[in-house]
Every structure is written in C-alpha cells, then in structure tokens.
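Q: I am new to this structure and would like to learn how to read it step by step. Could we go through it together?

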Amino acid sequence: MSSPRPKHDRSVETACPLDCPDSCSLRVTTSAGKVTALDGSTRNPVTAGFICSKVRQFGERVHGAARVLHPMVRVGPKGNAAFSRVTWDEAIDLVAGRLREARDTFGGESILPFCYGGSNGLLTQDAADARLFRRLGASRLARNVCAAPTSAALGALYGRMPSTTYQDFAHARLIVIWGANPSATSIHLVPFVQAARKAGAKLVVVDPRVTPLARDADLHLPVKPGTDLAVALALHRHLFESGGADQAFLSAHADGAEALRERAAEWTFERAAAEAGVQAALIREFAELYAASSPALIRCGWGLERNRNGGSAAAAVLALPAVAGKFGVRGGGFALSNSGAWGIERRWIGEPEPDTRVINMNHLGRTLTGDLRPPVKVLFVYNSNPVATLPNQNLVLRGLERTDLFTVVFDQVMTDTAAYADVVLPATTFLEGYDIARAYGPIALQVVQPVVDAVGESRPNPEVFGQLLAALGLDDGQGPQGELETLLEVLSCLPGTVGDDLRNQRQPMPPGGLAPVQFADVFPGTPDGKAHLFPEALDRASSQGLYRYLPEPAAADYPLALISPATDRTVNSTLGELPGVETALVMHPLDSRARGLEEGASVRVFNDLGEVVCGLSIEPTVRPGTVALPKGLWRAATKNRATATALVPDTLSDVGAGACFNDARVQVVRVVD
Ligand SMILES: Nc1nc2c(c(=O)[nH]1)N[C@H]1C(S)=C(S)[C@@H](COP(=O)(O)OP(=O)(O)OC[C@H]3O[C@@H](n4cnc5c(=O)[nH]c(N)nc54)[C@H](O)[C@@H]3O)O[C@H]1N2
Ligand SMILES: Nc1nc2c(c(=O)[nH]1)N[C@H]1C(S)=C(S)[C@@H](COP(=O)(O)OP(=O)(O)OC[C@H]3O[C@@H](n4cnc5c(=O)[nH]c(N)nc54)[C@H](O)[C@@H]3O)O[C@H]1N2
Ligand code: SF4
Ligand SMILES: [Mo]
C-alpha cells in the first residue's frame, strides 16, 4: 500500500468500495497504464473470487468517452453540456470566489454541499469536504435518499446492533428475504442461501416481483408495494395470540412489547391480506412457518422502506425475531446493514458541526425552486448524480436551470447533473487512489489502493477540498493534506488496533467478531443494552404514530403502483453511461391486456409529476397492478430523456424522512408515433 503509482504491466490487489453491501476484494491487471482486466480475488473469503459483471467493466468508465479529463466552465445554456477547458488554478479560484461571495452576501447557508455515497469509501466523504463546508457555515444536508427509514428503525430498536452476516445464512432453517433482491444487489449472499436450501432450509420471499429467489421459494408473498407493515403486524398478532411470543426473552432483553402488541391487535390475517393484496392463507402459512422454525433469519432489504409506511414497516420486521425468540443461535435473528459493526466515529473531521439549517436531500427540487431564506446560491455536487437518482426529477431540473444558481459538479464522468454545471471538476475513481472500503453486508474493512495513474487531470476529493480550504484562507494547517495524509489520519482514528492491522495487512477484528451471533456475541447498542420494540422517539417522530398503517391515497387517475428497484447494470447511476439494452417498463399481462398493449409497444408512463416514454416488456414477474422501471438510469436511456425518478413523489417516509421511490402511482398508455 505504500508503493508509488505503478508504471509497468502488473496485477494489483485492491477492493471495491462502491455502494454495494459486499465489498469484493479485487485483482486488477494493468498494461501500459490502463486497466485491462478486473476480477475478484480471494483475499475477502466472503466474496470468494467472483464479482459482478458491472464492475468487471469498470475499466470502460476509467478510460471511457464520458470521462471528465480536466476542469471546465460552462459556455452554453444550462443543460447543454457545452464547456470550455480551464486550468485547475483557474477553476479553484473561480469556485472559491463564488463560495466567498455567496457567504459574504447571503450568509453561509446559501451554500449547499450535495453529496451521497460516491465511491462510498471512508475517504471520499466527511474529510476535508466536511471541514470546508463546516468552516463556511454552509447548510447541512440530511443524507436521507437511502437507508434513512431502516437506519432510524435499527438505531431506535437495537442501537445499530450488527447483523447476522452472509456466512451464517448457511446455518438457517428458515430464510425470509423481505424487500431485497440479492441476486442483483448483494450477489455474494446467494450462495449461502443456496447452501442453506441444500441442507433443507425453507425460503420465504416478500416482494411485489417474482425475483430469482422468489421463483425458488417455498412461499412467495407478492405484496402490493407499501403494505409490508400490515403483513408484519399480522405476524406479530399471530405470535402474541398463539403463544408464539417468547415471553422469557422479552422480559429479559426487551421492552415495548406490550405497546407493539396493542398496535398489532387489529391486524388479523384477513385484514392484512386485504391491504397487501395476497391471500390470508398465505400470510397465515408464513406466520406459522416463522413461529415454528429455528434458526430463522430475516434478510430485511431496502425495497420495503421506500414508501409512506417504510419506517414502521422496517421496525415491525426487525421486531419479529425479538418477539418470536429467534436470537441467540447461529443462523437466526436479522440481517440489515453492518456499516455500524466497527463502531467508527469520524473523529478525523476534527471540526464541530455548526448549527446551520438542515436540508433533506430528497427535497433538492423544492429547495432550489422554493422561496427559502437565504436562497441556495451555490450548489456543490460531489459523490452524487441527483438528476438521475433523486425524487421529482423535473423539479430538480427546474432548480438546476436557475440562472442565478452557481452549480459545481465534481465527478468522474459527464453525468446528467454535470450537464447543468457552471464548473465541472474531474474526480479520480477508486482505481486511481487510496480509500478504505467498508462492507455493509459481510463485516469487512479493506484498503483500496491505486492501480493506475490519475486519468487526465482528475484529482481525489481530499486534495480538491484541501485546495479550496487553502484558497479561501480556511486552512488552519491542522488537518491532513491530500489523499495519503488523509488515509493515514483516518487509519489512526479507527477504533482499537483496526488501523494498525489494516496498515500491516492483518485482518482487523470488530468487537463482536466477523460473524457475530446476535444476543450472544453482540447486543443492542441502546443505553440499557435492551431491544426497544416501541421506541417513544420513533412514535413521536412518525407522521401517523409508530406501527400505524397509512392506507394508499385514492388515485383513480393513476391506478398502477410504480417501483424502481436496482438492476445488474448499474450501481445506483454509476456505470449508467455505458451502452446497454433499451429500457422497458415491466408490466403484468393482465394490465397490458386491459390496455390493449403488446410486447415491445411504445408506452407513455405518466402522473402529475412527469412522464417517461419507453418500450414495454410484458412479464408475469410483477404482480398485477404494479409496474417496474429500473433504478439508476441516465436520461439517454429513455425516449423522452426522463427516468423513473420523474414519476417519484418527493414525499417522505413516516419514520426517518426517507425517499418514497416505491410509492409512485402512474397510468400507462400507448404512444402513437
Ligand atoms: N446491482 C446493484 N447492486 C446494488 C445497487 C445497485 O444500484 N445495483 N445499489 C446498492 C444500494 S445503494 C442499495 S440501497 C441496495 C438495495 O438493495 P435491495 O434491498 O435489494 O433494494 P432494491 O433493489 O431497491 O429493492 C429490493 C426489492 O424490493 C422490492 N420492493 C419494492 N417495493 C417493495 C415494497 O413495498 N415491499 C417489499 N416487500 N418489496 C418491495 C423490489 O421489487 C426489489 O426486488 O443495493 C445495493 N446494491
Ligand atoms: N428510481 C429510484 N432511484 C433511486 C433509488 C431507487 O430505489 N429508485 N434508490 C436510491 C439509492 S438506494 C441510492 S443509495 C441513491 C444513490 O444516489 P447517488 O449517490 O447519486 O449515486 P450514484 O448515482 O452512484 O452517484 C454517485 C456519483 O459519485 C461519483 N463519484 C464516485 N466516486 C467519486 C469520488 O471519489 N469523488 C467524486 N467527486 N465523485 C465520485 C460517481 O461518478 C457518481 O456519479 O440513489 C437512489 N435513487
Ligand atoms: S459492486 Fe458489489 S458485487 Fe460488484 S464488485 Fe463491487 S462489491 Fe463486488
Ligand atoms: Mo442505497
């Protein structure tokens, strides 16, 4: 990890830090300074030498036509992507000047840093960038586009207790995959599910689509999107009423069970079935199987959080193993995110957070177009592609069109968002720099190291934000300078010996080990170490009260529910620039027949927020009444340059103020060419 950037043909060990739970170890081959092959290595035993087809093509991003090679300033109208080249010094001066001007004229809060995962390592975010924006007194961003409802639920119920890891799925006798599609989004989980199946485990999948695992499952509950809360509460009711609740566990390790029981009391199988649009007998069978099986393990995904009931739904699902007594055995409990397993606090920021206003990133469109005081005058986008990934795409675009808004986009490629920038700054990819990759499915931390020189004039985040700090006179000389110093600083701030272990290429060990058993090796991080099944704070924060189901709004004009799950083509919108098959809306045959639509027809998918014009794929893989478009598409992927997010409302989930991607309602008609 201390080698200079390589010049000769060679093969380098590194890791994939992208926003994917798995965090593969990688072996990358380069020739003449270019990536020629990229594949899995066996250093991470869980990812075991195989990787996804997306990242196998990552060299095409690194050296591809969409790559931003040097800083640029806008020369045409916003959105036209017409730019002219400038030097880094000119770009830094320009951006620093506009940041200073906005702060001095309108106050620091007129600056909005806008970022999400990006490469998702520990160095690409919350280092020099945080120091810069904190010292400017900028608006703070609530990074709620993903995992906000599930994190709020996990934090309140279990204090971010680590999850059962992939390896231990092999020990389960019952696996429940709830609102997740591991075959696309966490591919290394699948072999462990298959191993359990081979050993006789049962599989239940709760998903509006027939995912690959749903096709193989013993039970598939094709619920209407947004109705998981009703199903989970029906399971709780059954457990409490049938004597399946583990009173010994509950009295020793939990509180709030009584309040949860009360809110579940009205949810008979029949009532839940009517909401979820599945047979009551199916929910009963699921409930009886769950109560009777051990070890029983629930994989809670992120598909169920992205709607008006998402936070309560996640909480109700996560509470099931406590009520049913499924903890304390290997292969039992729940699996959600392991990002908290290492207990990492970002002490390396070294700068207190100012008390400035907080803007929910899901409201970017509203924020840019509404009458905020002060208005946002400088938007600094990095590690994110909001035009492709945020709700209400048309409102986001309208905001970005504002001529009085100064937008900086710092990215690797010319994204749909960068097309609206006043200044574009070129960023390195994870193959050109150092980082620390933290898995959130398995428990793993790995150092990411450069395998090729920075392409063009691209620079890593810590370097660019450090240059802006210096240009603004905000650098106190205390923090690390540049990428390598940031890496060393972050390593030195990791808990215990974790940093030393990484530096010396030893396997670091988190407090509960690499495959902890919940309530044996790891316990809730709540102040009293107990599970809180009815956290008052969540109840108060929730718009309708915790575990209170909000029915679907009547919308006769838009009878179809639209979901937009991940595909195997992109990681969020990353790699969306690469050519792929043409996008199609997936629709059930009953819905296409009712509309007189045939396979391959050109369709218009629309609601009051926007429309998407694309092809039609008729498949019985979505439930009738639900249609699906891919997540993460770039605008060029559809006929009218609008993607699923153009149809997604910017309403927020009940708990956690998360995005409601799977709560869109639409109508579909034929396009007459
Ligand atoms: N290939 C690939 N992998 C990825 C990503 C990617 O973009 N591409 N993104 C990464 C990130 S950032 C994340 S957050 C994870 C997400 O990974 P997952 O948790 O798998 O999330 P999704 O793909 O959003 O949706 C999962 C499933 O939920 C279903 N679903 C939709 N609405 C509902 C509902 O209301 N209830 C229920 N029960 N199911 C519903 C969808 O049909 C889908 O099959 O994946 C990560 N991995
Ligand atoms: N329709 C629909 N949309 C969704 C979802 C959905 O379910 N449906 N799910 C959402 C989910 S789960 C998530 S997590 C969000 C994610 O949304 P985003 O965070 O916007 O994710 P990406 O589109 O991958 O954008 C990451 C960007 O960061 C850039 N980048 C990577 N590394 C670096 C770096 O080191 N420096 C800089 N400066 N830039 C870098 C990449 O090139 C890329 O353009 O999308 C959400 N969007
Ligand atoms: S995106 Fe996920 S599966 Fe693909 S290489 Fe990266 S960590 Fe592995
Ligand atoms: Mo996500």
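A: We can begin with domains, whose bounds come from an automatic or database domain assignment. This is a predicted model, and its assignment gives domain 1 (72-141 + 352-428 + 454-482), domain 2 (149-184 + 191-339 + 527-541) and domain 3 (560-670).

Q: How many residues of domain 1 and domain 3 are in contact?

A: A contact here is a pair of heavy atoms within 4.5 Å. By that criterion 20 residues of domain 1 are in contact with 20 residues of domain 3, while the centres of domain 1 and domain 3, taken over C-alpha atoms, are separated by 29 Å.

Q: Where does ligand 1 lie with respect to the domains?

A: One looks at which domains supply the residues of the shell. Domain 2 and domain 3 both give residues to the shell around ligand 1, so ligand 1 lies between them. The ligand is surrounded by 34 residues, of which the closest are D207, R209, D228, T570 and N572, and by class this shell divides into 15 nonpolar, 12 polar and 7 charged residues.

Q: Which backbone atoms are paired with atoms of ligand 1?

A: For polar contacts, one searches for pairs of N or O atoms within 3.5 Å. A polar backbone atom of G226 is 2.8 Å from an oxygen atom of ligand 1, and a backbone N or O atom of A566 lies 3.0 Å from an oxygen atom of the ligand. At T570, a backbone N or O atom lies 2.6 Å from a nitrogen atom of ligand 1. Taken alone, ligand 1 exposes 920 Å², and the protein buries 99% of that.

Q: Where does ligand 2 lie, and what surrounds it?

A: The reasoning about shells applies again: domain 1 and domain 3 both give residues to the shell around ligand 2, so ligand 2 lies between them. Here 31 residues surround the ligand, the closest being S119, D411, N461, S573 and T574, and the classes are 9 nonpolar, 17 polar and 5 charged residues. A polar side-chain atom of S119 lies 2.5 Å from a nitrogen atom of ligand 2, and an N or O atom in the side chain of N383 is 3.2 Å from a nitrogen atom of the ligand. The protein covers 97% of the 920 Å² of accessible area that ligand 2 has on its own.

Q: What surrounds ligand 3?

A: Ligand 3 is surrounded by C16, C20, S23, C24, I51, C52, V55 and H188, a shell with 6 nonpolar, 2 polar and no charged residues. The space that ligand 3 takes is the largest cavity.

Methods:
Residues numbered from 1 in each chain as written. Chains lettered and ligands numbered in written order. Predicted model: local features only at pLDDT ≥ 70, side-chain atom pairs only at ≥ 80, totals over all residues. Heavy atoms only, no water. Near = heavy atom within 4 Å. Polar contact = N/O pair within 3.5 Å; in protein donor to acceptor, adjacent residues only side chain to side chain. Areas by Shrake-Rupley, 256 points an atom, 1.4 Å probe, with all protein chains shown as cover. Nonpolar A, V, L, I, M, F, W, Y, C, P; charged D, E, K, R; others polar. 1 Å grid on protein atoms, 1.4 Å probe; cavity = no way out; pocket = protein on both sides within 12 Å on 5 of 7 lines; lining within 4 Å. Sits in = over half its atoms within 2 Å of the grid points.
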